[in-house]
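Work through the following exercises with the sequence and the predicted model at hand. Each task is followed by a solution in steps.

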Amino acid sequence: MAVPIRWKAAGKKTDRVQTKKSNGDPMSCLICAGVAERIQCRGPWEERDCPDCGRYRISDELLLVLMDQGQIFDVSKTRGWLDRRRIEVAIPSIELHQALLMS
Ligand SMILES: [Zn+2]
């Protein structure tokens with residue numbers, strides 16, 4: 001997969017912004033920062049399918065906070081929360097207020 005050199009050189013700081021705006025490439029997981037698949041979805045959220053965290057959605061509102069403050073999730077707590085949510089819903093959505101409880 002060809003990635004323009006300028007994007008690579010842009011480095012970590014803009015990484016998450018590109019994650020939000022670009023389509024079709026392997027993305028980083030918003031919880032554990034591993035490689036995850038971006039699922040196309042409609043609505044004010046981002047959807048990821050991570051081999052380690054599973055499939056989940058994160059609201060755009062929360063994503064803005066992530067971009068602003070960097071990683072705010074406690075990975076093991078968040079995965080535990082997702083597992084519990086999956087008993088009730090197929091694809092759990094993480095909202096801002098939930099993320100603050102998990103940080
Ligand atoms: Zn993950």
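**Exercise 1. Determine which residues of strand S3 lie on its covered face and which on its uncovered face.**

Solution. Strand S3 spans residues 45–50. Its covered face consists of Glu46, Arg48 and Cys50. The uncovered face carries Trp45, Glu47 and Asp49.

**Exercise 2. Describe how S3 pairs with S2 and with S4.**

Solution. Take S2 to begin with. Strand S2 covers residues 35–39 and pairs with S3 in the antiparallel sense, over three bridges. In this pairing, isoleucine 39 faces glutamate 47 of S3. The hairpin of S2 and S3 has five residues between the strands, and glycine 43 in that hairpin has a positive phi near 110°.

Now take S4. Strand S4, residues 54–59, is antiparallel to S3 and joined to S3 by six bridges. Tryptophan 45 is opposite serine 59 in S4. The hairpin from S3 to S4 passes through three residues.

**Exercise 3. Assemble the sheet and place helix H3 on it.**

Solution. The strand order is S1-S2-S3-S4-S5, in an open sheet of five strands with mixed pairing. Strands S1 (27–28) and S5 (93–94) are the edges, each pairing on one side only. At the S1 edge, two bridges connect S1 and S2 in an antiparallel pair, with methionine 27 opposite alanine 36 in S2. Helix H3, residues 60–69, packs on the sheet and touches S3, S4 and S5. The direction of H3 makes about 90° with that of S4.

**Exercise 4. Set the sheet in the context of the whole protein chain.**

Solution. Count the elements: the protein chain has five helices and five strands. Read from the N terminus, these elements follow the order α-α-β-β-β-β-α-α-β-α. For contacts between residues at least 6 apart in sequence, 47% join residues at least 24 apart. As for burial, 21% of the 103 residues count as buried.

**Exercise 5. Identify the residues and elements at the centre of the largest nonpolar core.**

Solution. The general expectation is that nonpolar side chains in soluble globular proteins tend to be buried together. Here the largest nonpolar core has 15 residues, and Cys29, Ile31, Ile58 and Leu62 touch the most other members. S4 and H3 are the elements that give two or more residues to this core. H3 gives the largest share, three residues. Next, follow one of the central members: apart from neighbours within four places in sequence, isoleucine 31 is in contact with Cys50, Cys53, Phe73, Val75 and Thr78.

**Exercise 6. Classify alanine 33 and alanine 90: buried, partly exposed or exposed?**

Solution. Start with alanine 33, which is in the loop between S1 and S2. Its phi is near 70°, a positive value in a residue other than glycine. Alanine 33 has 14 other C-beta atoms within 10 Å, so alanine 33 is partly exposed. A buried residue would need 20 or more, and an exposed one 12 or fewer.

Alanine 90 is in the loop between helix H4 (75–85) and S5. With 7 other C-beta atoms within 10 Å, alanine 90 is therefore exposed. Finally, locate alanine 90 relative to tyrosine 56: the two are 34 residues apart along the chain, and their C-alpha atoms are separated by 8.7 Å.

Conventions:
Residues are numbered from 1 along each chain as its sequence is written. This is a predicted model: local features need pLDDT of at least 70, side-chain atom pairs count only at pLDDT 80 or more; totals for chains, interfaces and linings use all residues. Helices (H or I, at least four residues) and strands (E, at least two) are DSSP runs, numbered from the N terminus. Two strands pair if DSSP finds at least two bridges between them. Two residues are in contact if their C-beta atoms, placed from the backbone, lie within 7 Å. Axes are lines fitted to C-alpha atoms, for helices over the stretch in contact, and angles run from 0 to 180 degrees between N-to-C directions. A nonpolar core is a set of buried Ala, Val, Leu, Ile, Met, Phe, Trp, Tyr and Cys residues joined through C-beta atoms within 7 Å.
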